[in-house]
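Me: Please take a close look at a single part of this structure and describe it for a first-year student. I should like a connected account, with each term explained where it is used.

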Amino acid sequence: MPGETDLTTLLESLHPVFRDGDYVYALWPHGRPLEGAIEAAVREAEGLTVVLHRDEADRLGLSYDFVASWITLQVHSALEAVGLTAAVSAALTHAGISCNVLAGFHHDHLLVPVADAPRAMGVLRLLAQGLVLRTERPADRPEILELTARAFAISPVTGEPVEGVPIEAGLLRELFDCSGYLPELSVVAEAGGEIVGHAISTRGWVGDLELLGLGPIGVLPQFQGRGVGSALMRETVARATAMGEPGIALLGSPGYYQRFGFVPARPLGVAPPETGWGDHFQLLALPDWPDGVHGTFRYAEPFNRL
């Protein structure tokens with residue numbers, strides 16, 4: 001059966017699958033006959049590189065540094081297919097995940113750092129849906145502001161059409177220019193080269209403790225209910241955790257945000273800026289959350305002008 005060459009079909013059929021175990025790259029000792037269960041090998045002028053199970057490398061006394069998870073893209077791609085490796089590499093790069101690619105006759109194989117493997121699987125599943133998550137660029141802002149206006153054209157509070165520009169779009173414009181703007185936490189979801197979703201988190205505080213305030217988060221109406229918002233939420237949480245942020249606060253529906261681990265903020269010692277917000281003001285405590293937090297949350301300055 002000939003391999004697939006159409007990039008769109010390839011991406012829709014990625015079907016990433018984990019191989020069991022941890023894998024390593026090792027330099028095979030010069031002059032030593034090959035032995036053991038070697039999964040892949042590349043001969044270079046400088047020597048022979050082998051890829052094998054970590055346990056097997058230990059048994060053979062081979063040294064290594066990089067320890068990886070092995071992900072196989074089950075789609076049968078033709079060796080002459082154009083664009084698949086670039087698309088996969090770009091998506092993982094946008095997520096900050098390093099990747100080594102091995103091309104077999106039937107499938108492509110990815111070796112990613114063990115700690116990043118679950119996120120890599122998530123990125124690949126989104127890519128199969130045609131969705132790429134990346135950091136916002138300044139040139140994206142007109143498109144993001146238009147997206148936000150369309151996403152909030154119907155008020156989430158009243159359910160009625162909004163007259164003029166939604167306040168969320170005006171707020172976002174100010175957040176881009178405020179001192180609390182954090183570039184790496186302004187994330188877009190892109191499908192087919194079009195920005196279809198955006199989430200932003202800006203600097204917030206409880207006393208002297210720096211936290212994050214999430215929002216607004218918007219998705220184009222035709223893409224709502226298709227997992228774009230959830231993907232943006234998970235990416236935001238992953239980035240904030242990697243940055244060592246202690247927690248994320250937001251105002252929203254408890255029924256929706258609890259699936260991402262958010263809980264009412266008051267039991268964690270954090271009061272909302274407005275007492276009437278009640279349990280709709282929520283907090284996600286990240287691994288660096290400290291003990292003894294107590295105080296009222298303060299958003300970045302543009303929120304104070306709403």
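Reply: Just after helix α4, G130 adopts a positive phi of about 85°. (Helices, H or I of at least four residues, and strands, E of at least two, are DSSP runs numbered from the N terminus.) The model is predicted, so local features need pLDDT of at least 70 and side-chain atom pairs pLDDT 80 or more, while totals for chains, interfaces and linings use all residues. Residues are numbered from 1 along each chain as its sequence is written, and side-chain values use heavy atoms, without hydrogens and water.

The helix that precedes G130 deserves attention next. Helix α4 covers residues 117-128, 12 residues in total. From its first C-alpha to its last, α4 reaches 17 Å, which is close to the 16 Å expected (1.5 Å times one less than its number of residues). Seven positions of α4 are named as buried, namely A117, A120, M121, V123, L124, L126 and L127 (buried means under 20% relative accessible area, exposed over 50%, partly exposed in between, with a 1.4 Å probe and protein chains only). An α-helix has 3.6 residues a turn, so residues three or four places apart point the same way. Within α4, A117, A120 and L124 all belong to the buried set, as do M121 and V123.

Burial also marks strand β12, residues 247-251. Four of the five residues of β12 are buried, so this strand is largely enclosed by the rest of the structure. β12 runs parallel to strand β11 (residues 209-219), and two bridges join them (strands pair if DSSP finds at least two bridges between them). The residue of β12 that bridges to G213 is A249. With strand β15 (residues 281-285), β12 pairs in the antiparallel sense over five bridges. A249 takes part in this pairing too, where its bridge partner in β15 is L283. A249 is thus a bridge partner of G213 and of L283.

A further residue, D177, lies in helix α6. D177 is exposed, because its relative accessible area is 65%. The C-alpha atom of D177 lies 9.4 Å from that of P302, although 125 residues separate the two along the chain.

To return to the starting point, G130, with its positive phi of about 85°, comes just after α4, a helix with buried residues that include L126 and L127.
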